[in-house]
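Please open the model in your viewer and keep the sequence panel beside it. The tour below moves from one selection to the next and says what is to be found at each stop.

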Amino acid sequence: MAKQPMLKFVTVDKEMPQKREADQRKEDFAEIYGEYATAKAAEQAGRCSQCGVPYCQTHCPLHNNIPDWLKLTAEGRLREAYDISQATNTFPEICGRICPQDRLCEGNCVIEQSGHGTVTIGSVEKYITDTAWDNGWVMPIAPAVELSESVGIIGAGPGGLAAADMLRRAGLQVTVYDRYDRSGGLMMYGIPGFKLEKDVVMRRNQLLEDGGVKFVLNCNVGDDITFAEIREKHDFVVIATGVYKSRELDGPGSGSTGIIRALDYLTASNRKSFGDAVPEFDSGELSAEGKRVVVIGGGDTAMDCVRTATRQGATSVRCLYRRDEANMPGSMREVQNAKEEGVDFVWLTAPKGFSDHVGAVNGVMVQKMRLGAPDQTGRQSPEVIENADYVEDADMVIKALGFSPEDVPTLWDAPELEVTRWGTVKANHRHETVLPNVFAVGDIVRGASLVVWAIRDGREAAEAILERVHTGAKVAAE
């Protein structure tokens, strides 16, 4: 009888792939985690308890069949593990790298709750799919039949690309429109290479293109092509633009030079890594080299900024957050990585303004905070401590306060497109907007969220469109 490969969590300790030393990884933008060797991947997958109610799967937005592909990995059946992994996830190797597993699957693992240390689900997922790429198991899209129906997708981020993948596999004619010169959205320009190396995204883009997905890049809807023209060209439209409008921070001195938006900063850094000409970086405006950097915010974007600044050669990097560490919205794993790389976190602090010298920022006026009564969500609200203000020295201040939607109906001359009071596009549970045959997915519906949620939305919208196609239920155009 074959030896049982599972339930090893009592005898085998949790072990992540080897992480490069902080002093070494601060010198470049390469990913910080190595790859499991085959034996180690099988060993760590074998720690899974195969529990009857898999909370890891329940708390994954895609409801990935995690226990099954862990068991197959432990048994050395990697091709089958990959087949199950990719059946529910369009980009498993990307989610394995950038999902906040500590807040999703791994954070809800039963053996994590029992004190034995979670199964390293994300690292095994990454290993399975990287192995699939290495062995040629990731096959190009080859529809069994070509259909005449076409879909125009606005936005080449994870939601739009997930929809494009499913629709093209079903034989629909798919065109993706995007404002950037490369496909991938924030996976390409917003997330630094030390979390997601860009060739991982680019090979997916190439797979889609090789499979017949058409890309129209450097295309700003509303300027280069109208929304009405896209609707006229295609039977169905999917809005997957994401949210790119940065939340602002007012107060005295907020117009000083040296106060910049997180997305501008991260985009410049990523473009530089591609070898693009980035005058704002070369001039020093969007480079942290030799500067005292203060990042304001506590989410994953703030962590991307502080860790980028250390790699650019900042003399000091501090992160201000108005709550304590336990209440940070970002990944705890990312916070730990940032600490190892020399970032200083200043908890319970909020900016009230900025000091400057001849128009250039030289400090952040900080209010000390304390946590007061919980709000309606149960989260404690920060309160100002009177007479406890001070100035945090800074040559560069990065605002990482989150993102809001742009005014899509106005930009696209489509006042009939309904939005919520927050400016997000209104869509029902099947991702349908009020406009016939127009769907919306991802952050433009949810507000700023995770890549994995965008993938789920894109796949669900694709399923809804395919149901329309196969039942002949396309809504008559207005």
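Leaving aside neighbours within four places in sequence, with which residues is Ser-49 in contact? Select Ser-49 and display its surroundings: setting those sequence neighbours aside, Ser-49 is in contact with Leu-7, Phe-9 and Ile-111. Bear in mind throughout that this is a predicted model. Ser-49 belongs to the loop between helix 2 (38-45) and helix 3 (55-58), and because its relative accessibility is 17%, Ser-49 counts as buried. If you add Pro-67 to the selection, the C-alpha to C-alpha distance from Ser-49 comes to 8.5 Å, across a sequence separation of 18 residues.

**Into the nonpolar cores**

Select Leu-70 next, which is among the residues with the most contacts inside the largest nonpolar core, a set of 96 residues. Not counting residues up to four places away in sequence, Leu-70 touches Met-6, Ala-45, Cys-48, Val-119, Ile-121 and Val-124. The other residues with the most contacts inside this core are Ile-153, Leu-167, Phe-227 and Ile-465. To follow the core further, colour helix 19 (residues 451-471), from which its largest share, nine residues, comes. A second, separate core has 28 residues, and Met-303, Val-306, Val-343 and Ala-400 are included in it.

**One face of helix 5**

Now select helix 5 (residues 78-88), where Leu-78, Ala-81, Tyr-82 and Ser-85 are buried. Look down the axis of helix 5: the buried residues fall within an arc of 95 degrees, so they line one face of the helix. What do the buried residues of helix 5 pack against? Their partners are helix 4 (66-74), helix 6 (92-98), helix 8 (121-134) and helix 11 (198-210).

**Two buried single residues**

Move to Cys-109, placed in the loop between helix 6 and helix 7 (110-113). Is Cys-109 buried or exposed? Cys-109 counts as buried, because its relative accessibility is 9%. Apart from neighbours within four places in sequence, Cys-109 is in contact with Thr-118 and Val-119, and Val-119 is also one of the residues that Leu-70 touches. For an orientation across the model, draw a C-alpha to C-alpha distance from Cys-109 to His-431, which gives 30 Å for two residues 322 apart in sequence.

Then select Asp-165 in helix 9 (residues 158-169). With a relative accessibility of 7%, and therefore under the 20% limit, Asp-165 counts as buried. Not counting residues up to four places away in sequence, Asp-165 touches Thr-90, Ile-141 and Leu-208.

**The cavities**

Turn on a cavity display if your viewer has one. Searching the whole structure yields four cavities of 30 Å³ or more, and the largest cavity has a volume of about 350 Å³. To centre the view there, select Tyr-33, Gly-96, Arg-97, Ile-98 and Arg-333, which lie nearest the centre of the largest cavity among its 26 lining residues. At least two residues of this lining are supplied by each of helix 6, helix 8, helix 15 (300-311) and helix 16 (332-340). By class, the lining of the largest cavity has nine nonpolar, seven polar and 10 charged residues.

The second largest cavity has a volume of about 130 Å³. It is lined by 15 residues, and Cys-60, Asn-64, Cys-99, Cys-105 and Glu-125 are the closest to its centre. Here helix 4 and helix 8 each supply at least two lining residues. The lining of the second largest cavity divides into 11 nonpolar, three polar and one charged residues.

**Helix 16 and two asparagines**

Select helix 16, where Glu-334, Val-335, Asn-337 and Ala-338 are buried. Viewed down the axis of helix 16, these buried residues fall within an arc of 160 degrees, so they line one face of the helix. They pack against helix 1 (22-25), helix 15 and strand 9 (344-347).

For the last stop, select Asn-387 and Asn-437 together. Asn-387 has a phi near 60 degrees, a positive value in a residue other than glycine, and Asn-437, likewise not a glycine, has a positive phi of about 65 degrees. Asn-387 sits in the loop between strand 12 (380-384) and strand 13 (390-393), where it counts as exposed at 80% relative accessibility. Asn-437 lies in the loop between helix 17 (408-411) and strand 16 (438-440), and is buried, with a relative accessible area of 5%.

Note on methods: Residues numbered from 1 in each chain as written. Predicted model: local features only at pLDDT ≥ 70, side-chain atom pairs only at ≥ 80, totals over all residues. Heavy atoms only, no water. Buried < 20%, exposed > 50% of the residue type's maximum accessible area, 1.4 Å probe, protein only. Helix = DSSP H or I, 4+ residues; strand = E, 2+ residues; numbered from the N terminus. Arc of directions from axis to C-beta. Contact = heavy atoms within 4.5 Å. 1 Å grid on protein atoms, 1.4 Å probe; cavity = no way out; pocket = protein on both sides within 12 Å on 5 of 7 lines; lining within 4 Å. Points joined across faces, edges and corners; volume = space filled by probe spheres on them. Nonpolar A, V, L, I, M, F, W, Y, C, P; charged D, E, K, R; others polar. Core = buried A, V, L, I, M, F, W, Y, C linked by side-chain atoms within 4.5 Å.
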